[in-house]
Amino acid sequence: MNPRKEATYRMLSLIAAVIFVLPCVFLVFPIFDINPDDLWQMDSLMEFICAYKNTAILAIAGVLIQIVIALPAGYAIARIPSPKAQTFFLLTCVFFLLLPQQALMLPQYLVLMNIGWLDSLEGLLIMTAFQPWMILLFWFAAKRIDSSLFDSAICDGASNWVLFRKIYAPIVRPYVMIAAFLSIAESWNLLEQPMTFLQSKERYPLSMILMQLSTDNAELKNVLCLLFAVPLMILFCTMVKKIIDT
């Protein structure tokens, strides 16, 4: 590459990085001006801690449920011998992926109301269990595996379960980690579904508590927002290191 072009690209990348990081810097600086007593004496501190617990439950349980559903689904679609049937299932996933979430709110609300899970974390988990993008990601990962690996294992008498457990699952591990992080980040920031399906404040996630937090203390708001974001930052750094080392 031309040295001048390379220097230009580096400068543009640096400017883009500074623009991206700047809001985070403004979020951190006000922390040094806050009195720790203001944080621990906050009236809504227990609500914040309870919401933290609810958010962690939604994120951890949600990613486990979604991967248990999407991982074998992506593998099954990739192993379908008929191209037409495979295309049908892929287009179905794309259709649900492009369908606006707002269009699903009322049917989901009615389903949860009829089964008695309307005001519960279980209902919120079940409504976010099916993630079409995750199925498409695992399908893409399965299609990248050389078919000769499966054919050789089948010739040796391997069953579908052995193919899934010994070949597919280990190879797609980096994709699983990426999907897990994206799923946790999505669950961590859920807002529309909790607003629609939850009525009890003790079941609210962090996103709703921060939205409803009534305080004129800007520094306190910044501290709580930082506490909200720190776990995702740590998880991102950990995931990146593991994916690079894989």
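**Exercise 1.** Determine how the residues lining the largest pocket of this predicted model divide by chemical class, and state where the lining comes from.

*Solution.*
Step 1. Sort the lining residues by class: 12 are nonpolar, 7 are polar and 1 is charged.
Step 2. Establish the total and the centre. The lining comprises 20 residues, and those nearest the centre of the pocket are Gln 101, Leu 104, Met 127, Phe 130 and Gln 131.
Step 3. Assign the lining to elements. Two or more residues are supplied by each of α4 (83–98), α5 (101–115), α6 (121–127), α7 (132–143) and α10 (173–188).
Step 4. Identify the main contributor: α5 gives the largest share, 4 residues.
Step 5. State the volume: the pocket holds about 500 Å³ of space.

**Exercise 2.** Describe how α4 and α7 pack, from their axes to their side chains.

*Solution.*
Step 1. Consider the axes, which come within 8 Å and cross at roughly 145 degrees. The crossing of α4 and α7 is left-handed.
Step 2. List the contacts. From α4, Gln 86, Leu 90, Cys 93, Val 94, Phe 96 and Leu 97 take part; from α7, Pro 132, Trp 133, Ile 135, Leu 136, Trp 139 and Lys 143.
Step 3. Classify these contact residues: 10 are nonpolar, 1 is polar and 1 is charged.

**Exercise 3.** Examine the annotated segments 88–111 and 123–142 for helix content and end-to-end distance.

*Solution.*
Step 1. Consult the record: an unreviewed UniProt entry places "transmembrane region" at several stretches, including residues 88–111 and 123–142.
Step 2. For residues 88–111, the chain is 92% helix and 0% strand, with end C-alpha atoms 26 Å apart.
Step 3. For residues 123–142, the chain is 80% helix and 0% strand, with end C-alpha atoms 31 Å apart.

Note on methods
Residues numbered from 1 in each chain as written. Predicted model: local features only at pLDDT ≥ 70, side-chain atom pairs only at ≥ 80, totals over all residues. Heavy atoms only, no water. 1 Å grid on protein atoms, 1.4 Å probe; cavity = no way out; pocket = protein on both sides within 12 Å on 5 of 7 lines; lining within 4 Å. Points joined across faces, edges and corners; volume = space filled by probe spheres on them. Nonpolar A, V, L, I, M, F, W, Y, C, P; charged D, E, K, R; others polar. UniProt positions renumbered as here; feature names shortened; annotations may be inferred. Axes fitted to C-alpha atoms, helices over the stretch in contact; angles between N-to-C directions. Left-handed = near helix turned anticlockwise from the far one by under 90°. Contact = heavy atoms within 4.5 Å.
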